[in-house]
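Trainee: I am new to this structure and would like a close look at a single part, the salt bridges. Please take me through them and their surroundings.

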Amino acid sequence: MSNKGELVIVPVEPVEGFYDEVEIEDMEYDDDAQTFYYPCPCGDRFQITVEEIEEGEEIGRCPSCTLIIRVIYDDDFFEEDDEDDEED
């Protein structure tokens with residue numbers, strides 16, 4: 001029985017090989033894109049969006065290479081921002 005030409009979907013295991021662990025306070029934030037950035041050694045930038053963080057994501061990915069970082073943050077970090085917005 002041959003499976004030639006059939007698409008096989010293989011589950012992806014969580015990635016353990018982080019390039020680095022970076023605190024979110026050390027990342028650059030772009031308010032328009034609602035994205036945090038951190039320099040990647042390849043010359044591009046790791047990125048993670050606010051939406052991804054709100055969904056529990058903690059991996060910043062570089063769009064130009066295979067490196068990833070673990071983004072360290074407290075849930076309080078975003079609650080403080082929400083409180084600042086309410087005061088304005």
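Mentor: A salt bridge here is a side-chain nitrogen of Lys or Arg within 4 Å of a carboxyl oxygen of Asp or Glu. Side chains of opposite charge can pair when their charged atoms come close. The model is predicted, so local features need pLDDT of at least 70 and side-chain atom pairs count only at pLDDT 80 or more, while totals for chains, interfaces and linings use all residues. Residues are numbered from 1 along each chain as its sequence is written, and side-chain values use heavy atoms, with hydrogens and water left out.

The structure holds three salt bridges. One of them joins R70 to E21, with 3.4 Å between the closest N and O atoms. R70 belongs to strand 6 and E21 to strand 1 (residues 20-23), so this pair ties together parts that are 49 residues apart in sequence. Strands (E, at least two residues) and helices (H or I, at least four) are DSSP runs, numbered from the N terminus.

R70 also meets E58 in a salt bridge, at 3.1 Å from N to O. E58 sits in the loop between helix 1 and strand 5 and R70 in strand 6, so the pair ties together parts twelve residues apart in sequence. E21, E58 and R70 are thus linked in a network of salt bridges.

How accessible are these residues? For accessibility, buried means under 20% relative accessible area, exposed over 50%, and partly exposed in between (1.4 Å probe, protein chains only). R70 is partly exposed, at 26%. E58 is partly exposed, with a relative accessible area of 30%, and E21 is partly exposed at 47%.

The side chains of R45 and E28 form another salt bridge, 3.9 Å from N to O. This pair links distant parts of the chain, since R45 is in strand 4 and E28 in strand 2 (residues 28-30), 17 residues apart. R45 has a relative accessible area of 34% and is partly exposed; E28 is partly exposed as well, at 49%.

R45 leads on to R61, a residue of strand 5 (residues 59-61). Contact means heavy atoms within 4.5 Å. Leaving aside neighbours within four places in sequence, R61 is in contact with R45, F46, Q47, L67 and I68. R61 is partly exposed, with a relative accessible area of 43%. The C-alpha atoms of R61 and F18 are 10.0 Å apart, although 43 residues separate them along the chain.

Next comes the nonpolar core, a set of buried Ala, Val, Leu, Ile, Met, Phe, Trp, Tyr and Cys residues joined through side-chain atoms within 4.5 Å. The largest such core has 13 residues, of which I24, M27, F36, I48, I53, I69 and V71 touch the most other members. Strand 4 (45-49), helix 1 (50-54) and strand 6 each supply at least two residues of this core. Not counting residues up to four places away in sequence, I69 touches ten residues by name: F18, Y19, D20, V22, M27, Y38, F46, E58, I59 and G60.

Last, D74 lies in the loop between strand 6 (68-72) and helix 2 (75-87). D74 is exposed, with a relative accessible area of 53%.
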